[in-house]
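Trainee: I have a model open and would like to learn how to read it. Could you walk me through it?

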Amino acid sequence: MLTDSHTHLNAEQFNEDQDEVIQRALDAGVTRIVNVGFNRETIPSSIALAERYDFIYSTVGWHPVDAIDMMPGDLEWIEELCKHEKVVAIGEIGLDYYWDKSPRDVQQRVFREQIRLARKLGMPIVIHNRDAHQDILHILKEEKAEEVGGIMHCFSGSWETAKQCLDMNFYISFGGPVTFKNARQPKEVLAQVPLDRLLIETDAPYLTPHPFRGKRNETGYVRLVAETAAEIRDMTLEEIAQITTNNAVRLLGLK
């Protein structure tokens with residue numbers, strides 16, 4: 001009973017075998033999938049995928065790397081799409097200081113606008129954070145993001161950062177990197193996150209877990225993340241699967 005809380009099955013890497021990848025996920029025990037739309041191209045295809053499969057849900061939001069491409073009217077478009085019965089969150093949104101496509105001030109403005117929209121609609125948000133821990137925390141606090149909470153996607157920060165996110169009503173999600181042998185900090189954080197705030201994900205086709213690191217990631221590999229979490233928490237795979245699924249259902253209103 002696994003839930004992949006963050007994947008990109010509508011990415012071009014799955015153009016040739018999307019249905020087969022989804023079937024392999026089902027075979028691995030995945031019962032719910034949250035597919036993420038993050039720009040003008042991926043939002044419609046993510047919703048379309050959720051419409052095809054009853055166990056797939058979608059998020060809609062504007063990724064920080066693409067913030068420079070957000071046009072007048074796009075925020076209203078996202079607001080309208082949030083009425084769709086299969087749209088469960090606004091995201092992924094946030095800041096990315098690794099890639100330099102979008103200026104930081106543009107990223108921050110788009111991030112703030114979407115947090116405000118989420119508060120207006122009462123919807124959780126999915127946070128993308130790359131090399132921007134302090135600015136992410138600062139903006140979340142300033143914009144009162146704790147009113148809606150959400151998911152810190154593929155968390156890579158310290159326990160101190162995680163505690164601040166938990167205090168703001170966020171769940172902490174771990175992906176493939178926590179399975180890497182040298183992933184000391186993610187393992188330490190996963191060991192301390194309250195079980196009722198723990199989520200797992202793949203971010204497929206990216207961030208492939210061990211032992212498939214370097215190859216295309218798949219939603220079914222969320223089982224490998226769950227196995228690592230179970231080992232770290234000294235629990236069974238079934239317990240971790242049930243706990244993380246219950247958390248995703250509660251936060252996102254999945255059926």
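Mentor: We will go from the overall fold to helices, then to single residues and the backbone. Keep in mind that this is a predicted model.

Trainee: Happy to. How many helices and strands does the protein chain have?

Mentor: The protein chain has nine helices and eight strands. To judge the overall form, one sets the radius of gyration beside the globule rule: here the radius is 17 Å, close to the 18 Å that the rule gives for 255 residues, so the chain is as compact as a globular protein of that length. Its C-alpha atoms fill a box of roughly 45 × 40 × 30 Å along the principal axes.

Trainee: What share of the residues counts as buried?

Mentor: Of the 255 residues, 59% count as buried. Buried here means under 20% relative accessible area. Sequence separation is worth a look too: among contacts between residues at least 6 apart in sequence, 71% join residues at least 24 apart.

Trainee: Now a helix. Which residues of α2 are buried?

Mentor: Helix α2 covers residues 42–52, and its buried residues are Thr42, Ile43, Ser46, Ile47, Leu49 and Ala50. Looking down the axis of α2, you find these buried residues within an arc of 155 degrees, so they line one face of the helix.

Trainee: And what covers the buried residues of α2?

Mentor: The cover includes helices α1 (18–27) and α3 (74–81), along with strands β2 (30–37), β3 (56–60) and β4 (87–96).

Trainee: Let me try α1 the same way. Which of its residues are buried?

Mentor: In α1 they are Gln18, Val21, Ile22 and Ala25. Down the axis of α1, the buried residues fall within an arc of 100 degrees, so they too line one face of their helix. Their cover includes β2, α2 and β3. After α1 comes Gly29, with a positive phi near 100 degrees.

Trainee: Let's turn to single residues. Is Phe170 buried or exposed?

Mentor: Phe170 lies in strand β7 (residues 170–174), and it counts as buried because its relative accessibility is 0%. Beyond its neighbours within four places in sequence, its contacts include Ile125, Ile127, Leu140, Met152, Cys165 and Arg197.

Trainee: What about Leu224?

Mentor: Leu224 is found in helix α8 (residues 222–233). Its relative accessible area is 18%, so Leu224 is buried. Leaving aside neighbours within four places in sequence, Leu224 touches Thr179, Pro209, His210, Pro211 and Phe212.

Trainee: Pro211 brings me to the backbone. Which residue does a cis peptide bond join to Pro211?

Mentor: It is His210, and omega of that bond is about 10 degrees. Pro211 sits in the loop between β8 and α8. Pro205 is also found in the loop between β8 (198–200) and α8, and the peptide bond from Ala204 to Pro205 is cis, with omega near 15 degrees.

Trainee: Phi was positive at a glycine earlier. Where should I look for positive phi in a residue other than glycine?

Mentor: Try Asp203, where phi is near 60 degrees. Asp203 is in the loop between β8 and α8 and is buried, with a relative accessible area of 8%. Then look at Asn169, whose phi is near 80 degrees. Asn169 lies in the loop between α6 (159–167) and β7, and at 32% relative accessibility Asn169 counts as partly exposed.

Key:
Residues numbered from 1 in each chain as written. Predicted model: local features only at pLDDT ≥ 70, side-chain atom pairs only at ≥ 80, totals over all residues. Heavy atoms only, no water. Buried < 20%, exposed > 50% of the residue type's maximum accessible area, 1.4 Å probe, protein only. Helix = DSSP H or I, 4+ residues; strand = E, 2+ residues; numbered from the N terminus. Arc of directions from axis to C-beta. Contact = heavy atoms within 4.5 Å. Rg over C-alpha atoms; globule rule 2.2 N^0.38 Å.
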